[in-house]
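Here are a few short exercises on aromatic rings. Have the viewer open, try each task, then read through the solution.

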Amino acid sequence: MQNNKMIELNANENSLGMSDSAKKAVTESLSEGFRYPDNPRAALISKIATIHGVAEDQISLGNGSTENMRATIQMLQHKAFKEGKEFQMVIPVPTFDCAEMYANSIGASVVKIPLTAENYDLDLQRLQKAADEFDGISLLYLCNPNNPTGTITSTKQLKTWIGDAPDNHYFLLDQAYLEYVNDPSFESGVEWVKQGLSENLIVIHTFSKLCALAGMRVGYAISNPQAIEAVEAFMSMDNTNLSGAVAAIATLNDAEFLELSLRTTNQSRQMIETVLDELGLRYLPSQTNFIFHEIKGDLKTYIARMRDSGIKVGREFPPVTGFNRLTLGTPDEMEIFIKVLKSFREKGWV
C-alpha cells in the first residue's frame, strides 16, 4: 500500500483528482449555497452548447449521465404504453450495466447480445436483428467506447445502422470516454445529431472521467429539441447541484488541467501496455482511461490477491472470462501496480 491507503483502480475514476480551478470555484460558491442552482445551471448549459455547437434546448443536464440514462428509458417505456406497444431494451454484454439496472427496476424487457467471440466487439448484426424482430419500441443502449473492453465500434457501420433504422428503434449512445479516443476514424454521435442523422438518437456525456468530477454527479444528454423535451419530463427538478455546476464550468475553462489529465492517462496506458507485452498478457486496444487485459489463472483469486497487496482492480464481467479491467491511475500508481503484477508473475500467479 501507499501511505497505508488502498490504490483504487476499479471504478474508472480520475486519480488526478479535481483541478485546483474546480476546487476554488466550489469553495467560492459556498456562500451561495442557500440559493437554488438556476444561474450556474444555465451557465453550464450555455457552456456545453458552445463547446458542441448545438442549441441550448438540445441539452438536458443530469445528476450524472446515469440520470439522463434513466429518464430516457422511462420516457420510451411511457411512450410505448401510451401507444399501446411493447417496450424492450437491447444491450451488448458485457457493457456498463446501469441502463440494464434501470430497465429491470421498471419491469422492462432486456435483450442481451454477447460481444463477438474473437475481438469482443459489439455484434451489430445480432443487436440489429433483436430490434428488427420486435414489433414494439426498442431502445438500443450502446456504450462507445465500450466499458469494460475500452474498444470502439466501427464508425461507418454504426452510423449507417442508426441512419437507416426504422422509427420504432431508438439509440442511447453513451460516450463517457469520448475525450480519450485517439482513433482518427471515430466520429462523435453529437456530430450525427447536428447532421440530423436520426430523430431517435440521444447521446450522453459525463464529467466523471477526464474532468475528474465523478463525485460531483454532473452529466448531460444531447439530442434534437423534441427528444430533449420528452426526456426532461422524467428528470428531477433542480437536479444539478451548485458545486457540481461551478466545478464543471471551471474545469471546462481549464485547458491546462484537461491537457494534463489526458497526457497522464496516455502515459499510464503506455506503461501498462509495455509491462503486459513484457509478460505476454493479451490486452484490447484501449480508447479510454482503463485497459482490459488477460489474466492467467483464476480471476477472483487474482482480484483478492491484488486487494491484499493494497490495490483494488475491476470485478468480473461475464460472459467474458480471463480478463480484468484496470483503471489507468496516475503514473506513480501504475509503477506500484506494475511492481505487484511482476511479483505475481514471479510467484506463478499470472
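**Exercise 1.** How many aromatic pairs does the structure hold?

Solution. This is a predicted model, and it holds 8 aromatic pairs. Start with one of them: Phe292 and Phe317 lie 6.4 Å apart, centre to centre, with 75° between the planes. Planes over 60 degrees apart count as edge-to-face, so this pair is edge-to-face. Next, find the two residues along the chain: Phe292 belongs to strand β9 (residues 290–294), while Phe317 is in the loop between β10 (311–313) and β11 (323–327). The pair thus links distant parts of the chain, 25 residues apart. Finally, check accessibility: both Phe292 and Phe317 are buried.

**Exercise 2.** Work out the geometry of the pair Tyr302 and Phe344, and say which helices it ties together.

Solution. First, the geometry: the ring centres of Tyr302 and Phe344 are 6.1 Å apart and the planes make 85°, an edge-to-face pair. Second, the location: because Tyr302 lies in helix α11 (residues 299–308) and Phe344 in helix α12 (residues 331–346), the pair ties together parts 42 residues apart in sequence. Third, the surroundings: Tyr302 is buried, and Phe344 is buried too.

**Exercise 3.** Which residues do ring pairs link into a cluster?

Solution. The cluster consists of Tyr120, Phe292, Phe317 and Phe323. You have already met Phe292 and Phe317 as an edge-to-face pair.

**Exercise 4.** Over which ring does the charged end of Arg305 sit, and over which that of Arg325?

Solution. Take Arg305: its charged end sits over the ring of Trp349, 3.8 Å from the centre. Now take Arg325: its charged end sits over the ring of Phe290, 5.8 Å from the centre.

Definitions and conventions
Residues are numbered from 1 along each chain as its sequence is written. This is a predicted model: local features need pLDDT of at least 70, side-chain atom pairs count only at pLDDT 80 or more; totals for chains, interfaces and linings use all residues. Side-chain values use heavy atoms; hydrogens and water are left out. Rings of Phe, Tyr and Trp (its six-membered ring) pair if their centres lie within 6.5 Å; planes under 30 degrees apart count as stacked, over 60 as edge-to-face and the rest as tilted. Helices (H or I, at least four residues) and strands (E, at least two) are DSSP runs, numbered from the N terminus. Buried means under 20% relative accessible area, exposed over 50%, partly exposed in between (1.4 Å probe, protein chains only). A charge sits over a ring if NZ of Lys or CZ of Arg is within 6 Å of the ring centre and within 35 degrees of the ring normal.
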